[in-house]
Amino acid sequence: MFNKILIANRGEIALRIIRTCKEMGIKTVAVYSKADADSLHVRFADEAVCIGPPPGKDSYLKIPNIIAAAEVTNADAIHPGYGFLSENAEFSRVCAENDIKFIGASEEMISKMGDKATAKATMIAAGVPVVPGSDGLLESAEQGIKMAKEIGYPVMIKATAGGGGKGMRLIKEEGEFKKAWDSARQEAAASFGNDGMYMEKFVEEPRHVEIQIVGDSNGKACHLSERDCSIQRRHQKLIEETPSPIVSQELREKMGAAAIKGAEAIKYEGAGTVEFLVDKNGDFYFMEMNTRIQVEHPITEEVTDYDLIKEQIKVAAGEPISGRNYYPQLHSIEVRINAEDPANGFRPSPGKITNLHFPGGHGVRIDSHVYAGYTIPPFYDSMIGKLIVSAQTREEAIIKMKRALEETVIEGIKTTIPFHLKMMQDEAFKSGNFTTKYLDTWDFSVLKD
Ligand code: MV4
């Protein structure tokens with residue numbers, strides 16, 4: 001087992017990783033930017049190293065500084081959390097070259113899954129269902145137009161280096177093709193330095209359902225059932241839950257088996273998420289694979305009683321997985337508490353938290369790094385915490401979430417709490433019958449006071 005882990009991240013996820021390390025008897029090193037000197041991850045780690053000025057690109061993304069921090073503190077492993085360097089192939093390689101275990105995917109795996117057309121081809125070869133579309137990249141707009149005729153409109157073109165909606169266009173008829181093609185390629189070139197595009201049939205009104213998997217160094221993988229992340233705004237997830245209201249035990253077994261098939265085909269090691277779209281008929285299609293721990297991992301932990309960070313560390317140290325799959329024993333919901341004003345276009349609201357009270361009680365979990373008097377810096381993402389509740393049924397979980405949100409006090413800044421409170425009383429949300437487009441037409445003006 002590792003002696004000392006450096007956490008190459010900040011905020012709630014850095015704290016989350018430190019907590020499990022403490023329980024495992026592993027020493028921890030925090031790294032922090034000048035803006036984060038007063039952060040709890042710095043306080044709770046055994047050691048802390050300042051790695052640069054506030055901007056992420058000068059600190060949490062600066063590979064040489066992080067490697068140097070690991071060298072001087074004698075850390076034998078690095079946990080990257082999510083975001084920042086968690087899916088950076090170069091960082092994974094540099095860790096390996098310096099004999100530091102990267103608690104995440106290999107350089108090769110990150111590259112393969114990071115290129116979405118390659119990831120899709122890999123999953124087709126493994127027998128995982130995918131959305132019908134182009135076989136690899138499109139060579140030209142003309143080829144794309146010809147193919148769209150065969151597939152039938154509407155189609156989507158997607159940047160192979162994309163994900164999360166960037167460089168993606170919905171095309172409803174041939175007349176729109178050329179313009180969409182040019183703008184998507186331009187956006188992809190500017191964002192990723194890669195303008196490769198592929199095509200898919202458009203799946204109307206889907207649900208976003210993802211399967212949590214863990215693979216070990218023996219090439220075995222297991223799944224921990226699904227998370228439903230259909231409540232999103234502009235590709236930002238706001239609410240996640242498990243089990244999914246639209247997934248039957250039969251579908252869960254099928255999607256779980258497909259995710260394992262994909263993971264074992266590539267000898268995937270570590271925790272990963274296989275994202276699917278599920279259509280009205282309950283047919284599911286592979287979208288992307290994330291080779292990191294995800295923000296929403298706690299709901300899976302709560303319903304399966306499985307510490308995902310602990311298992312990431314164990315498989316990185318070469319230990320085998322248990323060999324069984326895990327199914328939800330409860331219903332869990334997570335809401336993301338962001339320092340944003342939901343009544344005004346989710347405008348960021350950094351600043352000082354003047355007064356704070358977090359909720360408690362049975363089935364309530366808070367993953368957060370903030371405290372009364374803490375100032376949220378403007379340099380990073382705006383998530384200041386996650387509220388996770390668990391109960392026997394979805395109905396009880398929604399009631400518990402409403403109660404916990406009502407108990408929460410965060411003063412001095414705007415947060416997404418008023419939105420979540422409304423959602424817990426929203427008829428469509430309560431019915432469980434909604435799609436990824438639900439928030440496109442939701443009336444946020446009801447949040448104005
Ligand atoms: C799609 C789709 C419909 N059909 N692909 C959005 C981000 C990326 N992960 C994939 N995305 C989509 N791909 C086909 N063939 C609809 C979306 C999509 C979406 C997916 C999941 C959650 C929210 C979404 C919001 C808009 C579009």
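A residue counts as buried under 20% relative accessible area, as exposed over 50%, and as partly exposed in between. That scale is used at several stops of this tour, which runs through a predicted model.

**Stop 1: Glu-87 and Arg-292**

Select Glu-87 first. Its relative accessibility is 31%, so Glu-87 counts as partly exposed. Now add Arg-292, which forms a salt bridge with Glu-87; the closest N and O atoms are 2.4 Å apart. Arg-292 sits in the loop between β13 and α10 (297–304), and Glu-87 in the loop between β4 (77–79) and α4 (89–97), so this pair ties together parts that are 205 residues apart in sequence.

**Stop 2: the eight-stranded sheet**

Strand β13 leads to the next selection. Display the open sheet of eight strands, whose order is β13-β12-β9-β10-β11-β14-β21-β19, with antiparallel pairing. Which strands stand at the edges? They are β13 (284–290) and β19 (364–368); each has a single partner strand, so one side of each is left without a neighbour in the sheet. From one strand to the next, the twist averages 25°.

Within this sheet, select residues 221–233 and 236–242, which are strands β10 and β11. The two run antiparallel and are joined by four bridges. To inspect one position, centre on Ile-231, whose bridge partner in β11 is Ile-239.

**Stop 3: the three-stranded sheet**

Move next to the open sheet formed by three strands in the order β7-β6-β8, where the pairing is again antiparallel. Its edge strands are β7 and β8, each of which pairs on one side only. Here the twist averages 25° from one strand to the next. Five bridges join β6 to β8; to locate a bridged position, select Val-155, whose partner in β8 is Lys-201.

**Stop 4: a salt bridge between β6 and β8**

Remain on these strands and show the side chains of Lys-158 and Glu-200, which meet in a salt bridge (2.9 Å, N to O). Lys-158 belongs to strand β6 (residues 155–163) and Glu-200 to strand β8 (residues 197–201), so the pair ties together parts that are 42 residues apart in sequence. Are these two residues buried or exposed? Both Lys-158 and Glu-200 are buried.

**Stop 5: Lys-149 and Glu-174**

Select Lys-149 and Glu-174, whose side chains form a salt bridge with an N to O distance of 3.2 Å. Lys-149 lies in helix α7 (residues 141–151), while Glu-174 lies in the loop between β7 (166–171) and α8 (177–192), so the pair ties together parts that are 25 residues apart in sequence. Lys-149 has a relative accessible area of 57% and is therefore exposed. Glu-174, at 36% relative accessibility, counts as partly exposed.

Across the whole structure, a search finds 32 salt bridges.

**Stop 6: the second largest pocket**

Finally, centre the view on Lys-101, Gly-104, Ala-105, Ser-106 and Glu-269, which lie nearest the centre of the second largest pocket among its 20 lining residues. The elements that contribute two or more residues to this lining are α4, β5 (101–102), α5 (107–114), β12 (270–278) and α11 (308–316). The pocket holds about 280 Å³ of space. Colouring the lining by class shows 10 nonpolar, five polar and five charged residues.

Terms used:
Residues are numbered from 1 along each chain as its sequence is written. This is a predicted model: local features need pLDDT of at least 70, side-chain atom pairs count only at pLDDT 80 or more; totals for chains, interfaces and linings use all residues. Side-chain values use heavy atoms; hydrogens and water are left out. Two strands pair if DSSP finds at least two bridges between them. Axes are lines fitted to C-alpha atoms, for helices over the stretch in contact, and angles run from 0 to 180 degrees between N-to-C directions. A salt bridge is a side-chain nitrogen of Lys or Arg within 4 Å of a carboxyl oxygen of Asp or Glu. Buried means under 20% relative accessible area, exposed over 50%, partly exposed in between (1.4 Å probe, protein chains only). On a 1 Å grid over the protein atoms alone, a cavity is a set of points where a 1.4 Å probe fits but cannot get out, and a pocket is an open set with protein on both sides within 12 Å along at least five of seven lines; lining residues have an atom within 4 Å of a point. Grid points are joined across faces, edges and corners, and a volume is the space filled by probe spheres set on the points. Ala, Val, Leu, Ile, Met, Phe, Trp, Tyr, Cys and Pro count as nonpolar, Asp, Glu, Lys and Arg as charged, and the others, Gly among them, as polar.
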